[in-house]
Structures are given as structure tokens and as C-alpha cells.
Amino acid sequence: MATQTKVDDLLKTLYTMAFLVEARDAYTGGHLWRVSQFAKRLATAAGLSRKEAAAIGLGGFLHDLGKVGVPDAILGKTDKLTDAEYGIIKTHPDVGIRVLRGHPLIDFVHEAILGHHERPDGRGYPHGISDDSIGVSAKIIGLVDAFDAMTSSRPYRKGMSLEAAIEQISMNLGTQFDKKFSEIFIQLARAGELNDIIGHSDSGIPLHNCPPCGLVVTVNRNLQAGDAIFCRVCGHGHQFVTDSKTSTLVLSSEILTGSPTDLIADIDHSLLGELIDETAPYLFVGKARWWNWRGLK
Ligand SMILES: [Fe+2]
């Protein structure tokens, strides 16, 4: 059995890889954290164990690891993709598995990475499997990944309202989205139990919009009043100031001029450490229900 230190180290490599892939895509700030949190909360509400929920949360972070193999020109394209470009996008589940082949923790996330774009009606990818052939973690992450894409803003469109996203899920029950998990997720959403995740990039840290271009900027949890943040899309910077009415940090409207180093993507190591602490204790005790569990020797 692996020591806890080894598990922590292995998790650190996985989370770091996930953050690096996310850092390439400046439009999706906080997406992996939100998918992971939505997935854990849904798994728990569906009656899965803390261990299963922890593994699904890890899968939420790693589901798009294979996007490392998708060229920037396709990943960041805002126009409609050609069939050939979409064909390249569709390779990312398989690429993710190839990247992690032989990794001691792959069994916890294999199903989530490979299956998160499969659909109950068999019209998903990469293998077009349907319904019962799709694993629980893949069903959950497929659903919450789509929900976050719907409710988040992109350069070419504004995010949908919560009700509009619920409507989209409701219209596609059993075809695009798993019926059972979708119904539980909709209940959570309607009860306001996802409000601390939607529009956030960390616990208690809402996303901010860059004043000139309107796009999302992600805030490190250690950021304080007086610090500056720079938008990695338009390159403009703003200082954080404390709003006198709400006592929260807001971006000042004054535009700063930054240097190239201000646009470097940053990994939030304190968030990463907390994620490891939340995940590690649950991964190596007993067996999960639906994984071909191997564990560490
Ligand atoms: Fe994906």
C-alpha cells in the first residue's frame, strides 16, 4: 500500500497537470474547480460515498487533460469549428488516457476522462456508447461540464441564466444527459445549493469581469486590496480595491499598463494544497463500487 505522502505527491502532479492545461485557455477561468465541485456535490446528493465523491471530484479536475493535444488555434477558436477541427477536439478523451497511461492513480479517473462526452442516446464521442455502458463518473462529469459551459461567459457569448440552463438539461433528459443524475442536479440548483459554485473559481471567491473587455479574470485566493490583476485576453490590468458599501474586493476602473510577466498564468498553490488534503484521505481505503480497482502496491 502506498504511503500517504506518496499519494499526496501523486495527486499534486495530477492537479498541477490539470491547472497547466486550464492555464492555456484564458477564457475558462475556474472551470475545472467548478466542474469538480459540482460533481462532488451531485455525487454526494445521489448517495455515493465520500470516497466515490472524492474520486469523481478528481475526475472533474482531470476530465479535459487530453486538451493538451489540441492546438491553440482550435482550442481558442471562437467561430464555428470545421468538421476536421471538431474531429481533433474529439480526440481529447483518448489523449487524456494516453497521457496518464501507467500512472498509479489512473483507475480513479479513467472512466471520467474517457467517457465524459458520451451520451445516453449513443450520439456522443469517442466511442458512441450508450446509457448503461457509460460509467457513473462519466455521466456526472458530462452533465456538470455542460452545465458550467452553459452558465459561464465566453468571448463570443454571455453565460445563460440558471433557469435557462436547467431548461436545456430538462429538454435533453435521457438523450444528452443522464435522467437520474440530471433530476437530482436540477433539485440542487433550484434549492440554491450550487450558488456558491456558480460564478466562482474557489470557495468564497467570485469571478470578476475585466472592465474593458468584459471577460472573466480569475483571482488567486491570497490576493489582497492593492494587488493588481491582469486580463490574459485583452492584456489590461486593474487594481483591487475594497468596495466601501459591501467591503468586498472589486476591480477599480482605472486601467494599468502591465509587463509580459503580468500575463503569465499562475497556479494557485494554496488551493492546490487544499484540494490534495480534501482528496487524498479517501482514495486508498477499501474499494469503490464501479471501478476496476487496482490501488497502489
Ligand atoms: Fe471534454
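Here is a walk through this protein model, from its two domains down to single residues.

A word on the ground rules. The model is predicted, so local features need pLDDT of at least 70 and side-chain atom pairs count only at pLDDT 80 or more, while totals for chains, interfaces and linings use all residues. Residues are numbered from 1 along each chain as its sequence is written, and side-chain values use heavy atoms, with hydrogens and water left out.

Let's start with the big picture. The protein is assigned a domain 1 (4-203 + 269-282) and a domain 2 (205-263); bounds like these come from an automatic or database domain assignment. In the contact between them, 16 residues come from domain 1 and 11 residues from domain 2, where contact means heavy atoms within 4.5 Å. Take the C-alpha centres of domain 1 and domain 2, and you find them 26 Å apart.

What is the area buried between domain 1 and domain 2? It is about 1,200 Å², and carbon and sulfur atoms give 48% of that. Buried area here is the accessible area (1.4 Å probe) that two parts lose on being put together, summed over both. On the side of domain 1 that touches domain 2, β1 (200-202) and α11 (269-279) each supply at least two residues. Those names come from DSSP runs, numbered from the N terminus: helices are H or I with at least four residues, and strands are E with at least two. The residues of that side of domain 1 split into 5 nonpolar, 7 polar and 4 charged. For that sorting, Ala, Val, Leu, Ile, Met, Phe, Trp, Tyr, Cys and Pro are nonpolar, Asp, Glu, Lys and Arg are charged, and the others, Gly among them, are polar.

How many salt bridges does the rule find across the interface of domain 1 and domain 2? The count is 0, with a salt bridge taken as a side-chain nitrogen of Lys or Arg within 4 Å of a carboxyl oxygen of Asp or Glu. There are, however, 4 residue pairs in polar contact between domain 1 and domain 2, both residues at pLDDT 80 or more. A polar contact is a pair of N or O atoms within 3.5 Å; within protein, one must be able to donate a hydrogen and the other to accept it, and residues adjacent in sequence count only if both atoms are side-chain atoms.

Now zoom in on helix α7 (residues 106-115). In this helix, 9 of the 10 residues are buried, meaning under 20% relative accessible area, with exposed being over 50% and partly exposed in between (1.4 Å probe, protein chains only). Among the buried ones are Ile106, Phe108, Val109 and Leu114. And what covers them? The cover includes α3 (50-62), α6 (92-100) and α8 (136-151).

Alanine 112 is a handy example from α7. It counts as buried because its relative accessibility is 1%. Neighbours within four places in sequence aside, alanine 112 is in contact with Gly59, His63, Ser137, Ala138 and Ile141. Phenylalanine 230, by contrast, is 118 residues from alanine 112 in sequence and 33 Å away in space, C-alpha to C-alpha.

Helix α3 has its own buried residue to look at, glutamate 52. Its relative accessibility is 3%, so it counts as buried. The glutamate 52 side chain reaches the backbone nitrogen of serine 49 at 2.7 Å. Glycine 47 sits in the loop between α2 (31-45) and α3. Is glycine 47 buried or exposed? It is exposed, because its relative accessible area is 54%. In α2 you meet glutamine 37, which counts as buried because its relative accessibility is 12%. With neighbours within four places in sequence set aside, glutamine 37 is in contact with Ile197 and Glu278.

Finally, some backbone oddities. Most residues other than glycine have a negative phi, and most peptide bonds are trans. Yet tyrosine 125 and proline 126 are joined by a cis peptide bond, with omega about 10 degrees. Proline 126 is in the loop between α7 and α8, and aspartate 131 is found in that loop too. The phi of aspartate 131 is positive, near 35 degrees, and aspartate 131 is partly exposed, with a relative accessible area of 37%. Serine 247, in the loop between β6 (237-242) and β7 (249-251), also has a positive phi, near 60 degrees. At 57% relative accessibility, serine 247 counts as exposed.
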